[in-house]
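Reader: I am new to protein structures, and I would like to learn how to read one step by step. Could you take me through it slowly?

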Amino acid sequence: MKILITGGAGFIGSHVVRRFVRNYPDYKIYNLDALTYAGNLENISDIEHEPNYAFIKADITDAAAITAIFKEHAFDGVIHLAAESHVDRSITDPLAFVNTNVLGTLNLLNAFKEVWAGNFDGKLFYHVSTDEVYGTLGAEGLFTETTPYSPNSPYSASKAASDHFVRAYGETYGMPFVLTNCSNNYGPNHFPEKLIPLFINNIIQNKPLPVYGDGNYTRDWLFVKDHAVAIDLVFHKGKNHQTYNIGGFNEWKNIDLVKLLCVIMDEKLGREKGTSEKLITYVKDRPGHDLRYAIDASKINKELGWEPSVTFEEGLDFTVNWFLDNHDWLKNVTSGEYLKYYEKQYSHGV
Ligand code: NAD
Ligand code: DAU
């Protein structure tokens, strides 16, 4: 079986690639990635010499290149994670998100369709998506697989559009697909533009912790390796043309999470209790900021037996240790372009 994983040099993709390379020696795993600011081959350096692994540097927005790659390798399965993934960046540059997330996905769908020319026996297109396509919840309720789409940011609108195209190719051309919508991931290799790794990095450096608005926004956090397990299960056992929600059963208000992180970091860094909390700085809110995400993951639990394997406390402890132990990784990804991004994004109020 030849499997193409896109975005495998990124945060979640690197964990998925590693899992597939290690667990399925009979598969050949092709990792296709453009190596944007978020893509980093260091994330998967431990498996780069494995005989069942190959890296392809390519941009999914380049239709001709993608078609040629599909013709050369005739992949049996695709697990598509490559995307522009940061909401704040989508607010300043929506078109980049349409290009990669919508047009890039279409290029993959077209290439898959062309290569298999209607004979899809044993083939699968797996599209990895987000809970943000459902919009926002109020104080009550959970997102289920039948919650209507109502995206509020350019990022989530682009992911919603790509989800619709995947489904449409399934209905129109009979293309076998599965789709998952997952909540907020955290863990090793998380790029420090997102809340948890950004704040870990800022605490290490004694820099302000920019909490958007009043901090009373809620997210449902899942350890990234548990997401990779879910992807493995859905790829192998998920039902054709089905969507599965994936979540951590683990809701946290941002401000509570940040305070917990401050306590953990003070302990790990041997700082006096309360030191990191003093870095909390309330800043201008994110425009169109979704109040609350929370996933009902009972379908994947009942049908495929999946559930998170670690508690948030265990996962966060592991994650903080990873960032403290991988100082060079953190230093490498927070130099150059990152500094310019940081200055622009946080120029107001921090
Ligand atoms: P990430 O930003 O860390 O990684 C994205 C990867 O895609 C990078 O390696 C990047 O180089 C690559 N990429 C970007 N544009 C590309 C292009 N045009 N061609 C080829 N490669 C390109 O993202 P992530 O957080 O790992 O998210 C992976 C996927 O999971 C995304 O589709 C995202 O929407 C989805 N998702 C993320 C989360 C989360 O909490 N991070 C939650 C649910 C779903
Ligand atoms: O829900 C899944 C989504 O989770 C994924 O689809 C996205 O790719 C991923 O980036 C993530 O989106 P969020 O916008 O929820 O994640 P982020 O880490 O950017 O922000 C988490 C919360 O923290 C959100 O309420 C905004 C807030 N925040 C974030 C940053 C970067 C702050 O208060 N300050 C910050 O500096």
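Author: Let us begin with one residue and its surroundings, keeping in mind that this is a predicted model. Leaving aside residues up to four places away in sequence, leucine 81 touches Ile5, Thr6, Gly7, Ile12, Gly13, Val16, Val128 and Ile231.

Reader: Where does leucine 81 lie among the helices and strands?

Author: Leucine 81 belongs to the loop between β4 and α3.

Reader: Is leucine 81 buried or exposed?

Author: A residue is called buried when its relative accessible area is under 20%. Leucine 81 has a relative accessible area of 13%, and therefore leucine 81 is buried.

Reader: How far apart are leucine 81 and tyrosine 126 in sequence and in space?

Author: Along the chain the two are 45 residues apart, while in space their C-alpha atoms are 8.9 Å apart.

Reader: I see histidine 86 in that stretch of the chain too; what does histidine 86 touch?

Author: Histidine 86 is also placed in the loop between β4 and α3, the helix that covers residues 87–92. If we do not count residues up to four places away in sequence, histidine 86 touches Tyr37, Phe97, Glu193, Lys194, Arg286 and Tyr341. With a relative accessible area of 3%, histidine 86 is buried. A contrast in distance is useful here: histidine 86 and leucine 233 are 147 residues apart along the chain, and their C-alpha atoms are separated by 26 Å.

Reader: Could we take a residue in a strand as well, and ask what surrounds leucine 4?

Author: Leucine 4 sits in strand β1, which runs over residues 2–6, and at 0% relative accessibility leucine 4 counts as buried. Not counting residues up to four places away in sequence, leucine 4 touches Tyr30, Leu32, Phe70, Phe75, Gly77, Val78, Ile79 and Leu108. Leucine 4 and histidine 73 are 69 residues apart in sequence, yet 9.2 Å apart in space from C-alpha to C-alpha.

Reader: How should I read the backbone angle called phi?

Author: The general idea is that most residues other than glycine have a negative phi. In this model, alanine 74 has a positive phi, near 45 degrees, and asparagine 206 has a positive phi near 60 degrees.

Reader: Where are alanine 74 and asparagine 206 placed?

Author: Alanine 74 lies in the loop between α2 (63–73) and β4 (77–80), and with 27% relative accessibility alanine 74 counts as partly exposed. Asparagine 206 is in the loop between α6 (195–204) and β8 (209–212), and its relative accessibility of 45% makes asparagine 206 partly exposed.

Reader: What is a disulfide, and how many disulfides does the model have?

Author: A disulfide is a covalent bond between the sulfur atoms of two cysteines. For a pair to count, the sulfur atoms must lie within 2.5 Å, and by this rule the count comes to 0 disulfides. Two cysteines can still be read for burial: cysteine 182 is buried with a relative accessible area of 3%, and cysteine 262 is buried at 1%.

Reader: Now for the whole chain, how many helices and strands are there?

Author: The chain has 12 helices and 12 strands. Its radius of gyration is 20 Å, close to the 20 Å that the globule rule gives for 350 residues, so the chain is as compact as a globular protein of that length. The C-alpha trace spans about 65 × 45 × 40 Å along its principal axes.

Reader: What share of the residues is buried, and what share of the contacts joins residues 24 or more positions apart?

Author: Buried residues make up 55% of the 350 residues. Among contacts with a separation of 6 or more, residues 24 or more positions apart account for 82%.

Reader: Finally, how should I read the surface and the charges?

Author: The accessible surface of the chain is about 14500 Å², and 51% of that belongs to carbon and sulfur atoms. There are 32 positive and 44 negative side chains, with the centres of the two sets 1 Å apart.

Definitions and conventions
Residues are numbered from 1 along each chain as its sequence is written. Chains are lettered from A and ligands numbered from 1 in the order in which they are written. This is a predicted model: local features need pLDDT of at least 70, side-chain atom pairs count only at pLDDT 80 or more; totals for chains, interfaces and linings use all residues. Side-chain values use heavy atoms; hydrogens and water are left out. Helices (H or I, at least four residues) and strands (E, at least two) are DSSP runs, numbered from the N terminus. The radius of gyration is taken over C-alpha atoms; the globule rule is 2.2 Å times the number of residues to the power 0.38. Buried means under 20% relative accessible area, exposed over 50%, partly exposed in between (1.4 Å probe, protein chains only). Contact means heavy atoms within 4.5 Å. Accessible areas come from the Shrake-Rupley method with a 1.4 Å probe; for residues, only the protein chains shown count as cover. Lys and Arg count as positive and Asp and Glu as negative; His and the chain ends are not counted. The place of a charge is taken as NZ of Lys, CZ of Arg, CG of Asp or CD of Glu.
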